[in-house]
Amino acid sequence: MTKFLYCVVIVLKVFAIAAVPSPEVCARDGCMRGKYESKKGRKPYEAFYGIPYAEPPVGKLRFENPVPYSGWSGYWDASYYRNDCYQKNYFLPNSPLSGAEDCLYLNVYRPSNWRNKKKLAVIVWIHGGAWVSFSSDPNYFGPDYFMTNEAVILVTMNYRLGLFGFLSSGDGAVKGNFGLKDQQLAMEWVMRNIEAFGGDSNSITLAGESAGAASANLHMLNPQSNRLFHKIILMSGAVTTPFINSVDYESQFRTAARSSGVRYWETASTYDIAQKLKQVDALTLVDAVDDLFTFILVPPGPLRNCIEGDWDGAFMTEDPRRIWAEGRYNQKPILIGTCLNEGIYVAILTLNDTLRQTFNENIYEWLPIQIDFNPRYASEVMKFYFEDKDYLDETTASKYFQMVGDRLFRYPLIKLVTQYLNYADVEENPVFIYEFGFQSNYTFLKYFTGTDINLGVSHLDDIIYVFSMPALFPKFAKNTPENSMSEMYVQTLVNFAQTGVVKKWRPFRPCTSSTSSFCDYQVFKRYTALDPDEVTVSVTNYIDKSMVNFWLRIDNGVGALNQKSCSNFQGR
């Protein structure tokens, strides 16, 4: 009898679950039917996956600006994730291949109790990955931690990557910046439709990490994008970072054509090559990205944004670094941070004897490409960090990591904020700065190096605590420091998205000390003073001003490559 009743209860539960209707939304662009997500140990939420915001960029639309989606009849099935954008994920072992060209979709997540609340603040997330990798796949960027907070709506998006998203011919044949234009079109979709989901179209925060943060910052400088959001979160990326500096676009274009098997790639006009590339098999174009790397992790992002000509649909017609330095943009509240040991993501070059030897043989050539400075300063840079050595070994490894972290992340942050202060109304648009220094056994180094070595808090490590990543890391157990840090970190981001400030944090202010660049620099870390398992945010005032002045001097001596226009060249 007891067994019979137990079976009845189970059957009733199954029918009860089946009886729950799927969440539905009818927005300006059409009606959608999503699904309820309920995961063990987490609050349930509503997910709307794979909503198209642009026409599939295939055929004639390959290497063209995105076209808004033409719409659908009835209810769009938003119950499952669609495609990644074509890529090799160079951040994972063996660079796994995934995706399709038909990939311009976004996901919308909202808490299940959204009806009981006023309009919710919105966070629009742009994933990183050097503009060649990752996606909005919930197995890598799941919303669980944000939805547990029940205070915001989260939107994640796909945008074209690699050659599909950032190839430029150096003239009007292939204009470039397609991935950034995809992002802008997705942002326009959010502004137009998010109120139907219970979101507040007057409280949208644009957020991103690494290349995603650089993208978000670039949108702040684009007049059309700037009106589509109200606050900005930059995690380990900005317009001042070297990995957005330009490349020789025409040369890269012809290299991609050669790698794709295009005949007469050296002498054909860029317009002829562009037409041939539109007919090349997509997987061939994915593989062609391999040939744009000089060496492993060199450069950190082979494809870049570019300055376009004054043509219709151009995203960027002027050097963004100049626009930022001169304050010619609408200011917004900024939350910006880095990881404590950003540069250790290149540890594979010090751990693998063969790679280290090869790199050392070419260090004067490859180091300037890797962290983007003029090769004429190679000896000076190595002396500043390595003192009397000019090669990688066990004695210079930590200095090498520091060099990479300083050049690509820490120095650009300080430069960005310092220039912001020259023009910003910090009462109306404050800036909050932090460092993520919480170390645990969860680290991307296991994927960067293929080992279990843990050298610190690597580039990307902070997003482990912001997004659930079941494909890479197990979920945090309750009552652990990792779970506590995740709750604290997400609450900080949510605070900022809701109000433009962070509770109990004072905004950035200039520091009077001769050794520090600024004060009130927040640090997420373990509270080791009393209990190693406690987590906290503390305040530090220390930044290595000698490092900042060094890189400033290198750049002022034209140490960084000048931004080239992708409209200067004429097709031959």
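Disulfides in a predicted model

A disulfide joins Cys 85 to Cys 103, with an S to S distance of 2.1 Å. The model in which this link appears is predicted. The pair connects distant parts of the chain, 18 residues apart. Cys 85 sits in the loop between strand E5 (75-77) and strand E6 (87-88), while Cys 103 lies in the loop between strand E7 (97-98) and strand E8 (105-111). About the S-S bond the angle is 90°, and the link of Cys 85 and Cys 103 is right-handed. Both ends of this link, Cys 85 and Cys 103, are buried.

A search of the whole structure finds two disulfides. Besides the link just described, a disulfide joins Cys 26 to Cys 31, where the S to S distance is 2.1 Å. The link of Cys 26 and Cys 31 is right-handed, with 105° about the S-S bond.

How do the two ends of this link stand with respect to the surface? Cys 26 has 44% relative accessibility, so Cys 26 counts as partly exposed; the partly exposed class runs between 20% and 50%. Cys 31 has a relative accessible area of 18% and is therefore buried, since buried means under 20%.

One further cysteine can be placed on the scale of accessibility. Cys 339 has a relative accessible area of 0%, so Cys 339 is buried.

As for the kind of link involved, a disulfide is a covalent bond between the sulfur atoms of two cysteines.

Methods. Residues are numbered from 1 along each chain as its sequence is written. This is a predicted model: local features need pLDDT of at least 70, side-chain atom pairs count only at pLDDT 80 or more; totals for chains, interfaces and linings use all residues. Side-chain values use heavy atoms; hydrogens and water are left out. A disulfide is a pair of cysteine sulfur atoms within 2.5 Å. Buried means under 20% relative accessible area, exposed over 50%, partly exposed in between (1.4 Å probe, protein chains only). Helices (H or I, at least four residues) and strands (E, at least two) are DSSP runs, numbered from the N terminus.
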